[in-house]
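Work through the exercises below with the sequence and the model in view. Each task is followed by a solution in steps.

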Amino acid sequence: MRALDRFEAACERLVEGSVGRLFRSSVQPAEIGRKLEKAMAANPVISVDATLVPNDFSVALHPVDFAPFAEYISPLTGQFETWLGETAAERAWTTVDRVRVQIDPDEAVRRREIRIVSAIAPVPERAKDTGAAAPSPLGRMQPRGRVTGLRLRMQSGPQRGQDVLVRPPSATVGRAPDNDVVLLPDDISRHHARLELGRGGARVIDLGSTNGTTLNGRPVANAPFGPGDELGFGSVAIEVLPASGERSGR
């Protein structure tokens, strides 16, 4: 199933659910999604071995059109970010950092208008805001098929401070001993998530875990990630670092 099909199917499920009123707005999520996709494709930077596309999107809506989305803006932007990341992977596009989508009301925007500004943003806003050193964008800049590995550093739980090196093509995360990354806390599912490395960079995929997977504090089911991000599996927080200088924790 194509990324667009998956996104529209997710919208349909939400329409049938308790937040269906969200989609009775004069502006539909699928409309925003299609415009985001066009904005991503509009100004690629083509090099010898990669096609670089925008990863930072600011969406402006008239306040009346924005109002029905306000209560659910976080899960909605998360859905857009996941979908755009999948779209980039399907089309062999590269981004310098994870996809970020922000939606805000703007009195200057006409009713039913969707105004989008896109940019290639190698320095995450969170690094600018805190004054912290910006994470290296190299993990996202690697051409497809050339991700050599990532280092996972435990930030919480009984394994805090331990590093685990993961290599392509994939690594499983969970409490069962047959996982590549074994986490000990009881709130970790036996087979909690899968990390895919290689084609298009790295992605984290939740395997239907009981307590969920997060990326930088936001729940995700399937999302791109890289050095500088923080993964969460149940109660365990993990910092993602480049593979260089790693020490194996297993």
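**Exercise 1: two packed helices**

Task: Find how α2 passes α4, and state which residues meet.

Solution. Step 1: α2 passes α4 in a right-handed crossing (the near helix is turned clockwise from the far one by less than a right angle; anticlockwise would be left-handed). This is a predicted model, in which local features need pLDDT of at least 70, side-chain atom pairs count only at pLDDT 80 or more, and totals for chains, interfaces and linings use all residues. Residues are numbered from 1 along each chain as its sequence is written, and side-chain values use heavy atoms, with hydrogens and water left out. Helices (H or I, at least four residues) and strands (E, at least two) are DSSP runs, numbered from the N terminus.

Step 2: Two packed helices are described by the angle between their axes and the distance between the axes. For α2 (residues 29-42) and α4, the angle is about 40° and the axes are 11 Å apart. Axes are lines fitted to C-alpha atoms, for helices over the stretch in contact, and angles run from 0 to 180 degrees between N-to-C directions.

Step 3: The pair is therefore oblique (under 35 degrees is roughly parallel, over 145 roughly antiparallel, 65 to 115 roughly perpendicular, and the rest oblique).

Step 4: On the α2 side, Pro-29, Ile-32, Gly-33, Arg-34, Leu-36, Glu-37 and Met-40 are in contact with Leu-76, Phe-80, Trp-83, Leu-84, Thr-87 and Ala-88 of α4 (contact means heavy atoms within 4.5 Å). Sorted by class, the contact has 9 nonpolar, 2 polar and 2 charged residues (Ala, Val, Leu, Ile, Met, Phe, Trp, Tyr, Cys and Pro count as nonpolar, Asp, Glu, Lys and Arg as charged, and the others, Gly among them, as polar).

**Exercise 2: length and burial of the helices**

Task: Check the span of α4 and of α2, then state which residues of α2 are buried.

Solution. Step 1: α4 covers residues 73-90, 18 in number, and reaches 26 Å from its first C-alpha to its last, close to the 26 Å expected (1.5 Å times one less than the number of residues). For α2, with 14 residues, the expected span is 20 Å, and its end C-alpha atoms are 20 Å apart, which agrees.

Step 2: In α4, 13 of the 18 residues are buried, so this helix is largely enclosed by the rest of the structure (buried means under 20% relative accessible area, exposed over 50%, partly exposed in between, with a 1.4 Å probe and protein chains only). The buried residues of α2 are Pro-29, Ala-30, Ile-32, Gly-33, Leu-36, Glu-37, Ala-39 and Met-40.

**Exercise 3: backbone in the loops**

Task: Where are Ala-92 and Asn-216 found?

Solution. Step 1: Ala-92 is in the loop between α4 and β4 (100-105). Although not a glycine, Ala-92 has a positive phi of about 60°, and at 32% relative accessibility it is partly exposed.

Step 2: Asn-216 lies in the loop between β12 (213-215) and β13 (218-220). Its phi is also positive, about 55°, and its relative accessible area is 27%, so Asn-216 is partly exposed.

**Exercise 4: a strand residue**

Task: Is Val-240 buried or exposed?

Solution. Step 1: Val-240 is in strand β16 (residues 236-242). Its relative accessibility is 1%, so Val-240 counts as buried.

Step 2: Leaving aside neighbours within four places in sequence, the contacts of Val-240 include Leu-150, Leu-152, Phe-225 and Gly-226. The C-alpha atoms of Val-240 and Gly-226 are 6.4 Å apart, with their positions 14 residues apart along the chain.
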